[in-house]
Amino acid sequence: MPLNQQILLDNRPIGEAVASNFKLVSSETPALKDGQVLVRHHFLSLDPYMRGRMNDTRNYAAAQPLGQVMIGGTAGEVMESRSPKFQPGDKVVGMGGWQQYSVVDAEQPGALRKVDTTQVPLSHYLGAVGMPGVTAYYGLVKIIEPKAGQTVAVSAATGAVGSAFAALAKARGCRTVGIAGGPDKCQYAVNELGFDACIDYKLYKDAASLSAALKEACPNGIDGYFENVGGMVLNAVLPLMNDFGRIAVCGMIAGYDGEPTPITHPALILRSRLKVQGFIVSEHMEVWPEALKELGTLVATGKLRPRETIAQGLQAAPEAFLGLLKGRNFGKQLVKLI
Ligand SMILES: NC(=O)c1ccc[n+]([C@@H]2O[C@H](COP(=O)([O-])OP(=O)(O)OC[C@H]3O[C@@H](n4cnc5c(N)ncnc54)[C@H](OP(=O)(O)O)[C@@H]3O)[C@@H](O)[C@H]2O)c1
């Protein structure tokens with residue numbers, strides 16, 4: 001069995017996460033038992049939720065235990081199989097974590113999913129045609145429930161979730177407005193992702209000035225807002241929400257390193273009779289098949305061309321992850337392992 005490089009969570013962050021929270025180790029891969037398969041990871045997915053799991057505080061998911069391999073989605077190839085469900089050479093997606101290989105109990109429901117790479121590249125199953133894409137789908141289709149002609153907006157617009165959101169919202173005939181950090185990301189949002197407009201929040205020093213810029217991009221107000229960031233961005237959007245608008249609260253990345261992200265005027269939720277709903281995509285497995293079908297078609301037909309930022313080698317994972325929390329990624333953040 002191959003030697004396996006792994007990255008463990010070594011200690012918990014105090015405030016901002018840092019590279020020394022992680023530790024690179026090597027270990028022998030255990031021999032397969034009946035029902036198990038050996039997967040070699042080609043890509044590791046880096047996702048903002050991992051930051052929450054590094055803390056040992058109350059969250060919607062259990063804390064990542066210290067001294068264990070960091071949790072994470074992986075896409076790779078079956079190398080050896082003692083399960084009739086998988087053959088060597090199968091391309092698979094699972095939760096293999098920050099390591100080169102994983103031994104997976106193939107009998108466990110949902111542990112490993114075979115994927116077809118003839119029309120969709122393997123890496124996209126960790127992004128647009130995977131968990132982030134389904135996240136965009138759930139928030140847009142099941143919470144915002146947009147009608148053609150309505151205006152929808154999303155923050156972290158060029159990221160893994162935001163870019164899928166754009167394609168899904170345009171397919172539903174919505175005016176689609178993005179909020180992203182920097183001129184390059186905003187140009188890309190409009191020119192490549194199909195946003196009708198994109199506002200660079202970094203140009204604005206406070207919520208009021210950002211709100212004024214957003215108002216120009218949303219002359220009919222905002223009917224649905226998909227929240228990825230929180231803080232100043234949410235405070236800029238709230239006054240623009242139309243009556244009976246819907247806010248899908250997907251993430252609040254501006255506060256993941258511990259910064260406070262207060263809502264300045266919560267009374268706006270009442271004034272505009274808003275529906276504000278948080279959700280976790282893994283609690284809605286029933287929508288995954290329909291979502292993956294639509295997302296796969298959008299990618300295969302070129303209507304969604306997701307961008308990726310790819311770090312090389314397992315040892316690059318910690319810095320790439322810290323960069324994601326600072327907006328240094330451009331599109332889906334991955335680590336390529338072979
Ligand atoms: N609820 C769920 O089930 C679920 C599932 C998946 C993801 N999520 C959430 O969805 C959001 C997007 O995830 P993703 O995978 O698509 O990540 P991503 O957008 O690919 O990457 C994160 C982006 O967030 C922005 N960002 C980082 N720090 C920020 C800050 N302090 N203030 C404002 N923006 C900041 C950056 O974009 P800019 O450069 O544009 O600022 C960065 O590129 C995250 O909040 C994540 O936690 C939730």
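**Figure 1. Helix H5 and its buried residues in this predicted model.** Let's start with helix H5, which spans residues 207-217. Its buried residues are Leu210, Ser211, Ala213, Leu214 and Ala217. They sit on the same side of H5, because the arc they cover around the axis is only 165 degrees. Turn to the other side of H5 and you will find Ala208, Lys215 and Glu216, which are exposed. What lies over the buried residues of H5? The cover includes strand E9 (175-180), strand E10 and helix H6 (232-237).

**Figure 2. The ligand and the residues around it.** Here the view moves to the ligand, which has 27 residues around it. Which of them come nearest? They are Lys185, Tyr201, Tyr256, Val281 and Asn329. Tyrosine 256 places a polar side-chain atom 2.7 Å from an oxygen atom of the ligand. Two backbones are worth a look as well. Alanine 160 has a backbone N or O atom 3.0 Å from a ligand oxygen atom, and cysteine 250 has a backbone N or O atom 3.0 Å from a ligand nitrogen atom. How much of the ligand's accessible area does the protein cover? On its own the ligand has 900 Å² of accessible area, and the protein covers 92% of this. H2 and H3 are the elements that give two or more residues to the shell around the ligand.

**Figure 3. A buried salt bridge between arginine 51 and aspartate 257.** The whole structure holds 14 salt bridges, and this close-up shows one of them. The side chains of arginine 51 and aspartate 257 meet at 2.7 Å, N to O. Arginine 51 belongs to helix H1 (residues 49-54), while aspartate 257 lies in the loop between strand E12 (241-249) and helix H7 (267-271). The pair links distant parts of the chain, with the two positions 206 residues apart in sequence numbering. Are these partners buried or exposed? Both arginine 51 and aspartate 257 are buried.

**Figure 4. Two salt bridges with partly exposed partners.** In one of these pairs, the side chains of glutamate 145 and lysine 275 meet at 3.9 Å, N to O. Glutamate 145 lies in the loop between helix H2 (131-144) and strand E8 (151-155), and lysine 275 is in strand E13 (residues 275-278), so the partners are 130 residues apart and link distant parts of the chain. Glutamate 145 is partly exposed because its relative accessible area is 48%, and lysine 275, at 31%, is also partly exposed. In the other pair, lysine 170 and aspartate 196 form a salt bridge of 2.8 Å, N to O. Lysine 170 is in helix H3 (residues 160-171) and aspartate 196 in the loop between helix H4 (183-191) and strand E10 (197-200), so this pair ties together parts that are 26 residues apart in sequence. Relative accessible areas of 33% for lysine 170 and 34% for aspartate 196 make both partly exposed.

**Figure 5. Histidine 42 and its contacts.** Histidine 42 is part of strand E3 (residues 36-45). It counts as buried because its relative accessibility is 14%, and buried means under 20%. Which residues does histidine 42 touch, leaving out those up to four places away in sequence? They are Ala75, Gly76, Glu77, Leu122, Val335, Lys336, Leu337 and Ile338.

**Figure 6. Two residues with a positive phi.** Most residues other than glycine have a negative phi. Alanine 156 is not a glycine, yet has a positive phi of about 50 degrees. You can find alanine 156 in the loop between E8 and H3, where it is partly exposed with a relative accessible area of 35%. Phenylalanine 244, also not a glycine, has a positive phi of about 65 degrees. Phenylalanine 244 is in strand E12 and counts as exposed because its relative accessible area is 52%.

**Figure 7. Glycine 296 in helix H8.** To finish, look at helix H8 (residues 288-300), where glycine 296 is found. Glycine 296 counts as buried, because its relative accessibility is 14%. Beyond residues up to four places away in sequence, glycine 296 touches Val120 and Val129. How far apart in space are glycine 296 and glycine 133? The distance is 9.6 Å, C-alpha to C-alpha, although the two are 163 residues apart in sequence.

Key. Residues numbered from 1 in each chain as written. Predicted model: local features only at pLDDT ≥ 70, side-chain atom pairs only at ≥ 80, totals over all residues. Heavy atoms only, no water. Salt bridge = Lys/Arg side-chain N within 4 Å of Asp/Glu carboxyl O. Helix = DSSP H or I, 4+ residues; strand = E, 2+ residues; numbered from the N terminus. Buried < 20%, exposed > 50% of the residue type's maximum accessible area, 1.4 Å probe, protein only. Contact = heavy atoms within 4.5 Å. Arc of directions from axis to C-beta. Near = heavy atom within 4 Å. Polar contact = N/O pair within 3.5 Å; in protein donor to acceptor, adjacent residues only side chain to side chain. Areas by Shrake-Rupley, 256 points an atom, 1.4 Å probe, with all protein chains shown as cover.
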